[in-house]
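Colleague: Got a minute to go through this model with me? I'd like to talk helix packing and odd backbone spots.

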Amino acid sequence: MSLSGPGLEHLAYLLFAVVTHAAVGYALVSAFTDRPPRAGVVGAVLPDVDLLFPLAWTFPFDHRGLTHTLAFAAAAAAVVALARRPRWSARAAALGLCSHLLVDSFTKSGVAWLYPLATERLAVAASVHSGWGAALLWGFAALAVAAGRRSSDAGETAGSATESGMSETPDAPRF
Ligand SMILES: [Zn+2]
């Protein structure tokens, strides 16, 4: 298989789509949680692990199959919760995962959110991974990161003025 022409173009498209997902996950977690944004990046990129599945595999083990469902998002968030890495929080990972499903819903092939309960796909016929769609997503991500940074700066200033010696205590295991 030669990587030229349409093949290379498609690979570039996929890579750009994955990086866009990462940017959205990073932005959401940095804007709306106090968790490390990389938890959102991992969550937002994880569904596209199905790009590595053999091409011969069919639904639900093909691209936009099982890994693009709420069930998978819930399972992955549960794994994060059970891994007891408190700084990573299941909520931040779930935020990244759900952002991926939402973004991919704005494409022709869409996402079967409720599989295996239902196989219908939410597909808003748009091409969110290129052109204006991608520009909007990157713009949103940049704004969200800027907003998150501003609020964390304000938090740090307030925090250092009052409690400078206090270290962050991770959630203790409850069982
Ligand atoms: Zn995807």
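What follows is a short chat about a predicted model.

Colleague: Are α2 and α4 parallel, perpendicular or oblique to each other?

Modeller: Helix α2 (residues 37-45) and helix α4 (residues 90-105) have axes 7 Å apart and pack at about 40°. Angles under 35 degrees would count as roughly parallel, and 65 to 115 as roughly perpendicular. So α2 against α4 is oblique.

Colleague: How many charged residues are in the contact of α2 with α4?

Modeller: The α2 side includes Gly40, Val41 and Val42, while the α4 side includes Leu95, Ser99 and His100. The residues of that contact split into 9 nonpolar and 5 polar, and the charged count is none.

Colleague: Which proline follows a cis peptide bond in the loop between α2 and α3?

Modeller: Most peptide bonds are trans. Here the bond joining Tyr115 and Pro116 is cis, with omega near 5°, but Pro116 sits in the loop between α4 and α5. Phe59 is also joined to its proline by a cis bond, omega about 5°. The residue in the loop between α2 and α3 is Pro60.

Colleague: Is Arg64 buried or exposed?

Modeller: Arg64 is in the loop between α2 and α3, and has a positive phi of about 65° without being a glycine. A residue needs 20 or more C-beta neighbours within 10 Å to count as buried. Arg64 has 22 inside 10 Å, so Arg64 is buried.

Colleague: What is the helix percentage over residues 65-83?

Modeller: The unreviewed UniProt entry annotates residues 65-83 as a transmembrane region. Over residues 65-83 the end C-alpha atoms are 25 Å apart, strand is 0%, and helix is 68%.

Conventions: Residues numbered from 1 in each chain as written. Predicted model: local features only at pLDDT ≥ 70, side-chain atom pairs only at ≥ 80, totals over all residues. Axes fitted to C-alpha atoms, helices over the stretch in contact; angles between N-to-C directions. Helix = DSSP H or I, 4+ residues; strand = E, 2+ residues; numbered from the N terminus. Parallel < 35°, antiparallel > 145°, perpendicular 65-115°, else oblique. Contact = placed C-beta atoms within 7 Å. Nonpolar A, V, L, I, M, F, W, Y, C, P; charged D, E, K, R; others polar. UniProt positions renumbered as here; feature names shortened; annotations may be inferred. Buried ≥ 20, exposed ≤ 12 C-beta atoms within 10 Å, placed from the backbone.
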